[in-house]
Amino acid sequence: MLQGHTCLSVHCDQCGDALGRAAFTVHFRTENTAMKTATADGWRLGPDGQWWCSVCAPALICQSEGHQFGPWRQPRTRNGHPAPSEYRYCRRCCVLESRPTTHDEGNGGEPR
């Protein structure tokens, strides 16, 4: 017997991967169920209606909306002195940004 089926699957508009595990693509009966499942699995809808998987979404969202950087942090050297640079990470895509610092010894070694 031949049976016809109509279903939906979700594919990343950036990398082409399908929602599912490894070689298994999940199929859905309704668009609403497909969208809810994709969102629950970390997929995001881009500004122009593209679907981005949980791997591609963070960098692409930062590209379109900007990064969400945490505070600047300044590590210390092994001897306890402030390092010559400070850094911060984007909370969404983990991109690293760094910059040199200058220390004013008359100001307790704080960056100026």
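**Entry 1: overview**

I began with burial, and found that 21% of the 112 residues of the protein count as buried. I note at the outset that I am working with a predicted model, so I turned to the confidence values before going further. The mean pLDDT of the protein is 86, and 88% of its residues reach 70 or more. Residues 105-112 are where I would read with caution, since the pLDDT there is below 50; this stretch nevertheless has twelve contacts in the model beyond near neighbours in sequence.

For the surface, I looked up the accessible area, which comes to about 8300 Å² for the protein, with 50% of it belonging to carbon and sulfur atoms.

**Entry 2: secondary structure**

I counted two helices and six strands, and reading along the sequence I wrote down the order as β-β-α-β-β-α-β-β. I then looked at how the contacts are spread along the chain: among those with a separation of 6 or more, 29% join residues 24 or more positions apart.

**Entry 3: the largest nonpolar core**

Which residues touch the most other members of the largest nonpolar core? I found that this core has 14 residues, and that Val10, Leu19, Ala38 and Trp43 are the ones with the most contacts to other members. Two or more residues each are given to this core by helix H1 (31-40), strand E4 (51-52) and helix H2 (57-65), and the largest share, three residues, comes from H2. As background I noted that nonpolar side chains tend to be buried together in soluble globular proteins.

I followed Leu19 further and listed what it touches, leaving out residues up to four places away in sequence. The list holds Val10, Phe24, Thr25, Val26, Phe28, Ala34, Thr37, Ala38, Asp41 and Trp43, and I see that Val10, Ala38 and Trp43 in it were also named for the core.

**Entry 4: helix H2 and its cover**

In H2 I recorded Ala57, Leu60, Ile61 and Cys62 as the buried residues. What covers these buried residues includes strand E3 (44-45) and E4. Just after the helix I checked the backbone of Gly66, which follows H2 and has a positive phi, near 100 degrees.

**Entry 5: Leu45 and Met35**

Since E3 is part of that cover, I looked up Leu45, which is found in this strand. Is Leu45 buried, exposed or partly exposed? Its relative accessible area is 47%, so I entered Leu45 as partly exposed. Beyond residues up to four places away in sequence, Leu45 touches Gln50 and Trp51. I took two C-alpha separations from Leu45: that to Ala57, twelve residues apart along the chain, is 8.4 Å, and that to Met35, ten residues apart, is 9.2 Å. Met35 itself has its place in helix H1, and with a relative accessible area of 32% Met35 is partly exposed.

**Entry 6: Glu86 in strand E5**

I next turned to strand E5 (residues 85-89), in which Glu86 lies. Why is Glu86 classed as buried? I found a relative accessible area of 9% for Glu86, and buried means under 20%, so Glu86 falls in that class. I then asked which side chain makes a polar contact with the side chain of Glu86, and the one I found is that of Arg99, at 2.4 Å. Leaving out residues up to four places away in sequence, I listed Trp72, Arg73, Gln74, Glu97, Ser98, Arg99 and Thr101 as touched by Glu86.

**Entry 7: an aromatic pair**

I searched for paired aromatic rings, and the count comes to one pair. The rings are those of Tyr87 and Tyr89, with centres 5.8 Å apart and planes at 75 degrees, so I entered the pair as edge-to-face. I checked the accessibility of both partners: Tyr87 counts as partly exposed at 27%, and Tyr89 is partly exposed as well, with a relative accessible area of 44%.

**Entry 8: Cys94 in the loop**

My last lookup was Cys94, which lies in the loop between E5 and strand E6 (96-100). The phi of Cys94 is positive, about 70 degrees, although this residue is not a glycine. Cys94 has a relative accessible area of 54%, and I therefore recorded it as exposed.

How values were computed
Residues numbered from 1 in each chain as written. Predicted model: local features only at pLDDT ≥ 70, side-chain atom pairs only at ≥ 80, totals over all residues. Heavy atoms only, no water. Core = buried A, V, L, I, M, F, W, Y, C linked by side-chain atoms within 4.5 Å. Buried < 20%, exposed > 50% of the residue type's maximum accessible area, 1.4 Å probe, protein only. Helix = DSSP H or I, 4+ residues; strand = E, 2+ residues; numbered from the N terminus. Contact = heavy atoms within 4.5 Å. Areas by Shrake-Rupley, 256 points an atom, 1.4 Å probe, with all protein chains shown as cover. pLDDT = per-residue confidence, 0-100. Polar contact = N/O pair within 3.5 Å; in protein donor to acceptor, adjacent residues only side chain to side chain. Phe/Tyr/Trp six-rings, centres within 6.5 Å; stacked < 30°, edge-to-face > 60°.
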